[in-house]
Amino acid sequence: MTLTLFAQPYDIDASGFYFTSADDYTAKANRAVNRYGQRVEEFEIQFIDGDDIDVALAKACGLYQSNIEAFFDCADAWDDDDKTRFIIAVDECGYDIALNESAPDLPELDIYEEDAVKDLAIQFVDEGLFGEVPESFTHYIDYDAIARDLAVDYSETHIAGKKLIYRCA
């Protein structure tokens, strides 16, 4: 999907413009003048249209004039997993990571697409993280208690319509 952004001038005597690439922004920003013919230098960048994951990426990176090119490069080059890892690392875990073209070197994050921490507890037991559990014992496992323990380290978030459970390193 094509990303569409809007550059809203801070100068109240100037008109803004839509753009779909960094080159498009640069060309239009260089031509932008207010009603007195003075060049407009500062713009607020607003996200108008694109995928939900790109909306979240724009919010996480703090979309400004200075990082428009990096934002477009990353939105194009990164897959949804890279974008999700960046968003969680910056927005949820508080890491200060700059956008760059290559997939970011992010801290270790555990991310699961589950509806609740209890579902994660069930998954962990099924995968054997708590050791071998005989089939006859599965009805006696207190998944709520395991979920409460997991909730100490794991948190929930929503990104691009997906409910995710994650743990920061």
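**Cysteines, a three-stranded sheet and a buried lysine**

In this predicted model, Cys 93 has a relative accessibility of 22% and therefore counts as partly exposed. Cys 168 falls into that category as well, since its relative accessibility is 30% and it is counted as partly exposed. These two residues form a disulfide in which the sulfur atoms lie 1.7 Å apart, and the number of disulfides found in the model is 1. The link between Cys 93 and Cys 168 is left-handed, with an angle of -80 degrees about the S-S bond. Distant parts of the chain are joined in this way, for Cys 93 belongs to the loop between H4 and strand S4 (109–112), whereas Cys 168 belongs to strand S6 (residues 162–168), and the two are 75 residues apart.

Two further cysteines were examined for a possible bond. For Cys 61, the closest cysteine sulfur is that of Cys 74, and because the distance is 8.0 Å, it is too far for a bond; the cut-off for a disulfide is a pair of sulfur atoms within 2.5 Å. Seen from Cys 74, the closest cysteine sulfur is in turn that of Cys 61, at 8.0 Å. Cys 61 is buried, with a relative accessible area of 14%, and Cys 74 is buried with a value of 0%.

Cys 74 also appears among the contacts of Lys 83, a residue that touches Ile 53, Asp 54, Leu 57, Cys 74, Ala 75 and Trp 78 when residues up to four places away in sequence are not counted. Lys 83 is located in helix H4 (residues 80–92), and its relative accessible area of 4% places it in the buried class, for which the limit is under 20%.

Elsewhere in the model, an open sheet is built from 3 strands in the order S2-S1-S3, and the pairing is antiparallel. Strand S2 (17–19) and strand S3 (43–49) occupy the edges, where each has a single partner strand, so that one side of each remains without a neighbour in the sheet. Direction ignored, neighbouring strands of this sheet are turned against each other by 30 degrees on average. Between strand S1 (residues 4–9) and S3, the antiparallel pairing extends over 6 bridges, and Pro 9 has Phe 43, in S3, as its bridge partner. Helix H1 (residues 22–31) packs on this sheet and touches S1, S2 and S3, while the direction of the helix makes about 155 degrees with that of S2.

Conventions: Residues numbered from 1 in each chain as written. Predicted model: local features only at pLDDT ≥ 70, side-chain atom pairs only at ≥ 80, totals over all residues. Heavy atoms only, no water. Pairing = 2+ DSSP bridges. Helix = DSSP H or I, 4+ residues; strand = E, 2+ residues; numbered from the N terminus. Axes fitted to C-alpha atoms, helices over the stretch in contact; angles between N-to-C directions. Contact = heavy atoms within 4.5 Å. Buried < 20%, exposed > 50% of the residue type's maximum accessible area, 1.4 Å probe, protein only.
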